[in-house]
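Work through the following exercises with the model open beside you. Each one sets a task and then solves it step by step.

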Amino acid sequence: MRLKRLALLLVVPLFALGVAACGSDDSDTVKIGVADASESYWNVFKEKASDEGIDVELVNFTDYNQPNPALAEGELQLNEFQHLLYLATYNAKNNQNLVPIGATAVYPLPLYSTKHASVDEIPQGGSVVIPNDPTNQARGLLVLQQAGLISLKNGGNAFSTLADIDEGASKVKVTAVDAGQTAQSLDSVDAAIVNNNYATSANLGADKVIAQDDPNSDIAKPYINAFVAQDKDKNNADYLKLTEIYHDPEVEAAAKKDLGDSGVFKTNPPTELQELTKELEAQVNTSGA
């Protein structure tokens, strides 16, 4: 989301995460783990939640590996930072059963460049950086293949790694780094796959996007972002209400202002999200990744 195997990366030690341990039964405050707490749309979200009598506290993480263990340990009540495939991979590799309870949006995964106006300008043997977490790495590779920059053995899939690149048939060299470092790498490479929240914080505009995938396609469903809870809390009325509040017109408008217009908001039913996550978990277990 790899030079290292997915199984190794997702076995995350449950070290202290800097948030007070607090289960959902012990607090009136709903702690939500996010990766972009500084964005102002969350203030609109919190105000709307307060109007409904729900007190929300955001817990920010800069490492994608941390919010799921924090939720599994009861240090959070919800998190909202990941798509379904990332969640399914975490569950499968860590014997967990975290569940999506509400969709937020699908964001295309863009390829940015500060040196070239199109993929055609990238030279043979050029360098491209992608995120190194398993799901975003695979998705990034598919974006590069669609853009004609690499060729993946057997066509590639949602579990492709750097080892699946057919180097002899590819135009560029690909390096995987921590997702938080992709934007900073643009000064030294020809292009980089950058996740939406990191692109926003780095002030990367749409004018720097030279390729991306289609958020409206069926193959984008594994990349629907969602609010995630412990299985025992999947029917919690307050938590489900929060997923609805995210789609309040004022919250959506604020999110678009902060995160850009590229995202497509989704309201898939929780049962559909949960069924898809289970299907993806099965694919993870049989993929050999």
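**Exercise 1.** By about how many helical turns are Glu281 and Lys278 separated in helix α9?

Solution. Keep in mind throughout that this is a predicted model. Begin with the positions: both residues belong to helix α9, which runs over residues 270-287, and because they are three residues apart there, about one helical turn separates them. Next, look at the side chains, which meet in a salt bridge with an N to O distance of 3.6 Å. Finally, check the surroundings of each partner: Glu281 has a relative accessibility of 9% and counts as buried, whereas Lys278, at 43%, is partly exposed.

**Exercise 2.** Find the salt bridge between Lys241 and Glu244, and decide where the two residues lie.

Solution. The side chains of Lys241 and Glu244 come together at 3.7 Å, N to O, and a salt bridge requires a nitrogen-to-oxygen distance within 4 Å, so the pair qualifies. Both residues sit in helix α7, three residues apart, which is about one turn of that helix. As for exposure, Lys241 has a relative accessible area of 30% and is partly exposed, and Glu244 also counts as partly exposed, with 49%.

**Exercise 3.** Determine which residues of helix α2 are buried, and how they are arranged around its axis.

Solution. Helix α2 spans residues 41-51, and its buried residues are Tyr41, Trp42, Val44, Phe45, Lys48 and Ala49. These residues cover an arc of only 155° around the axis, and therefore they fall on the same side of α2. The face turned away from that buried side carries Glu47 and Asp51, which are exposed. To see what the buried residues pack against, look for the strands β1 (29-34), β2 (55-60), β3 (78-83) and β11 (225-229), together with the helices α7 (237-245) and α8 (249-259). After the helix comes Gly53, whose phi is positive, near 80°.

**Exercise 4.** Classify the aromatic pair formed by Phe45 and Phe227 as stacked or edge-to-face, and place it in the chain.

Solution. The count of aromatic pairs in the model comes to 11. In the pair considered here, the ring centres of Phe45 and Phe227 are 6.0 Å apart and the planes meet at 20°, so the pair is stacked. This pair links distant parts of the chain, since Phe45 is in helix α2 and Phe227 is in strand β11, 182 residues apart. Phe45 is buried, at 0% relative accessible area, and Phe227 is likewise buried, at 0%. The last step is to widen the view: Phe45 and Phe227 form one aromatic cluster with Tyr41, Trp42 and Tyr246.

**Exercise 5.** Trace the salt bridge that Lys48 makes with Asp248, and name the network to which the two residues belong.

Solution. The model contains eight salt bridges, and in one of them the side chains of Lys48 and Asp248 meet at 3.9 Å, N to O. The partners come from distant parts of the chain, with Lys48 in helix α2 and Asp248 in the loop between α7 and α8, 200 residues apart. Lys48 is among the buried residues of α2, while Asp248 is partly exposed, with a relative accessibility of 22%. Adding Glu250 completes the picture, as Lys48, Asp248 and Glu250 are linked in a network of salt bridges.

How values were computed
Residues are numbered from 1 along each chain as its sequence is written. This is a predicted model: local features need pLDDT of at least 70, side-chain atom pairs count only at pLDDT 80 or more; totals for chains, interfaces and linings use all residues. Side-chain values use heavy atoms; hydrogens and water are left out. Buried means under 20% relative accessible area, exposed over 50%, partly exposed in between (1.4 Å probe, protein chains only). Helices (H or I, at least four residues) and strands (E, at least two) are DSSP runs, numbered from the N terminus. The arc is that of the directions from the helix axis to the C-beta atoms. Contact means heavy atoms within 4.5 Å. Rings of Phe, Tyr and Trp (its six-membered ring) pair if their centres lie within 6.5 Å; planes under 30 degrees apart count as stacked, over 60 as edge-to-face and the rest as tilted.
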